[in-house]
Amino acid sequence: MKESLKWFVCLMVVIGVLATPLLMATPASADKLSEAIEQGITDGKIDKKAAPGFLGIPGAPAVNYIIGFLWAIWVGWIFSTVGAFGGIMAGVGHITIFGLGDYAKDFGKGYPMNKLVTDSIRVSNQWLVGLSGLISSTNYYRMGRLVAPLGMCLAIGGVGGSWLVPDLTAGKISLKAYLGYFGIAVLALGIILFRETTKAGQAKRKKAKEAAAAFEKEAKTGGESKQGVKILEGSWTLMFIALGVVVASALWANLAGGARWVAYILAIIGWGLTFFVGTIRFTFFGVEFKFKAFIPMLGGIFIAALASFLGVGGGFLYVPFLTSVAGLPMFLVAGTSGLVVLVGMIVSIFSYMVGKGVPVQWGLIGAELAGIFIGSMIGPRTSKYIPDIWLKRLFVVLAFYVGIRYITKGFLGYSIVPPF
Amino acid sequence: MDFVSGLIEAIDSLLIAPYRWPKNPVIGWWIGTFILAVWTSLLGKLTIALVFRANRSHIKETVQEMSRRHSQSMNALRAGDRAAYKAINKLANEAFGKSFFLQVAMASASLWPLPLALAWLQMRFSSVDFPLPVNLPLIGKSVGYVFIFIPLYILVRILLSKFKFSR
């Protein structure tokens, strides 16, 4: 009971404090957009009389909602069959399919409208993944498989990482460079998927399944699904202080305006304190686990930074990180990391929309969300006809194509794969 | 005109009506926005119920697979077979990924009306400012419709969750 109360208080403080300013996005967004339009008109880059397109910008490409909707069905289908690749595909839609990438690029490097449209693409991706993550994270929270100290350590890293990266890159990165980095992430995912489809990868998987079968009988008779988590060791006080300090850093960065060095120092202090928390020990299903507090903290920084920079959910990175690097059982990291993703996304969207005043086209997000859930109903009905291995191969090809295209377009200025 | 804007304009008269019920525009704003939040929540709840019904057996399968792999990995760990634990944990992780992203995609069924409601509010109230009692840094003296609507939406979702809908 005491455990869940601590977790609840911690969660409410982080989400409550960070979510509230998210709701105040409108005035800043409107100002920044009209400023960028005015500048474009003054410099002769925007025709005042042209028909309004994306975000109401005169002369911008009018986003075709039907294409957006159909693309989202495809994204939903991927989410429900292969998984994580869906977030990447949502990004591909915003950059390429809707023609926003080329429009932003035409303004030239460093131009306000280029930065605004680039940031809007990132925030649109985050709304798409983050909003849905909210509901599913709540479901995992209800399942009660949470290790509060683990969640706190991840959040200490994640909260700092997800404001620092938008702060360091928003408005400073052009769409061209963003394309290149996005391409690297897609290619990396493609390589991971490819390794799973090779003979060695398949053999490893077969071996794992055989090992699993050996423990099947015990699993059936185990009947211990109700055993929960029991914390044996861990400094709560230090963890709460560290979390409070990084939350304060995010708030300072987003609301205080001047003296940004205070926010940087606060984030570093919060992260530094985690090194003094030491080892956290707990039992789960009667088995003892332990981890150094700074490991999930460092993972949290890296993953939240990457997720918020690319505008994709970090969930697909948290779970493999904690199961592979920290060696924790899947069930423990699943719900916990889901919540950290949510917190990270809130801070990140908030940083872009309030701190940096980035607008979003709501109608498009609505049409896309509708497409995604329709796709999620189609996925389970088609996946039984397509073997897993072939689905993976399909996405390996797609990931290599999209990755190479974006990397070359971003860093060389032209694509080495068609269309050039 | 795109179909989303067309849809929003088609239901405009239905959505704006409650705003005009009372003579006082401030009271009208609160009543109208509250009713909009109710519509948004109910539509989301209805859609997610339909999607869950459609995908019920598949969700059950993915969750069962996840639980089975988890139990197997814990048994391997208890038996002291660290290598088997790591291998099975990877399978469990994969099963979790499938279940998680399926539910992420399905969750959008519950949320799709929210951005559409925000789009309608943007169309109707983007030029309206709501004064704040204090001047906040970066925010200023006033806020827009999002500041009012999202807390109301969350409140309505919480209130509606108290009612049990028979399935």
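A residue is called buried here if 20 or more other C-beta atoms lie within 10 Å of its own, and I begin with that cut-off because much of what I will say about helix H12 of chain A, and about several single residues, rests on it. I should also say at once that what we are looking at is a predicted model.

Let me start with chain A as a whole. Chain A contains 17 helices and three strands, and of its 420 residues 56% are buried. If we take the contacts in chain A with a separation of 6 or more, 79% of them are between residues 24 or more positions apart.

Now to helix H12 of chain A, residues 260–274. With 15 residues at 1.5 Å a residue, this helix should span 21 Å, and its end C-alpha atoms are in fact 22 Å apart, which agrees. The buried residues in H12(A) are A:Ala263, A:Leu266, A:Ala267, A:Gly270, A:Trp271, A:Leu273 and A:Thr274. On which side of H12(A) do they lie? Around the axis they cover an arc of only 160°, and they are therefore on the same side of H12(A). As a general point, an α-helix has 3.6 residues a turn, so residues three or four places apart point the same way.

What does A:Val245, in the preceding part of the sequence, touch once its neighbours within four places are left aside? A:Val245 belongs to helix H11 of chain A, residues 236–256, and its contacts are with A:Leu266, A:Ile269, A:Gly270 and A:Leu273; of these residues, A:Leu266, A:Gly270 and A:Leu273 are among the buried ones of H12(A). A:Val245 is itself buried, because 22 other C-beta atoms lie within 10 Å. Its C-alpha atom is separated by 9.1 Å from that of A:Ile268, which is 23 residues away along the chain.

Between H11 and H12 of chain A there is a loop, and A:Ala259 is found in it. Is A:Ala259 buried or exposed? With 10 other C-beta atoms within 10 Å, A:Ala259 is exposed. From A:Ala304, 45 residues away in sequence, A:Ala259 is 24 Å apart in space, taken from C-alpha to C-alpha.

Next, a residue in a strand. A:Arg281 is placed in strand E2 of chain A, residues 279–284, and it counts as partly exposed because it has 15 C-beta neighbours inside 10 Å. Not counting residues up to four places away in sequence, A:Arg281 touches A:Leu232, A:Glu233, A:Glu288 and A:Lys290. The C-alpha atoms of A:Arg281 and A:Pro149 are separated by 9.7 Å, with these positions 132 residues apart along the chain.

I would also point to A:Leu55, in the loop between helix H2 (25–42) and helix H3 (65–81) of chain A. This residue has a positive phi of about 60°, although it is not a glycine, and it is buried, with 21 other C-beta atoms within 10 Å.

Helix H16 of chain A, residues 362–383, can be treated in the manner of H12(A). Its 22 residues should span 32 Å at 1.5 Å a residue, and the end C-alpha atoms are 31 Å apart, which agrees. H16(A) is mostly covered, since 18 of its 22 residues are buried.

That brings me to chain B and to where the two chains meet. Helix H4 of chain B has 30 residues and reaches 42 Å from its first C-alpha to its last, close to the 44 Å expected at 1.5 Å a residue. Because 26 of the 30 residues of H4(B) are buried, this helix is largely enclosed by the rest of the structure. How do H3(A) and H4(B) run relative to each other, roughly parallel or roughly antiparallel? Their axes come within 6 Å and cross at roughly 150°, and angles over 145 degrees count as roughly antiparallel, so that is how H3(A) and H4(B) are described. On the side of H3(A) the residues are A:Gly76, A:Phe79 and A:Ser80, and in H4(B) they meet B:Phe101, B:Leu102, B:Val104 and B:Ala105. By class, this contact has five nonpolar, two polar and no charged residues.

Finally, B:Tyr85 also lies in helix H4 of chain B. B:Tyr85 is buried, with 24 other C-beta atoms within 10 Å, and, leaving aside neighbours within four places in sequence, it is in contact with B:Ser73, B:Ala76 and B:Leu77. By C-alpha atoms, B:Tyr85 is separated by 68 Å from B:Lys23, 62 residues apart from it along the chain.

Note on methods
Residues numbered from 1 in each chain as written. Chains lettered and ligands numbered in written order. Predicted model: local features only at pLDDT ≥ 70, side-chain atom pairs only at ≥ 80, totals over all residues. Helix = DSSP H or I, 4+ residues; strand = E, 2+ residues; numbered from the N terminus. Buried ≥ 20, exposed ≤ 12 C-beta atoms within 10 Å, placed from the backbone. Axes fitted to C-alpha atoms, helices over the stretch in contact; angles between N-to-C directions. Parallel < 35°, antiparallel > 145°, perpendicular 65-115°, else oblique. Contact = placed C-beta atoms within 7 Å. Nonpolar A, V, L, I, M, F, W, Y, C, P; charged D, E, K, R; others polar. Expected span 1.5 Å × (residues − 1). Arc of directions from axis to C-beta.
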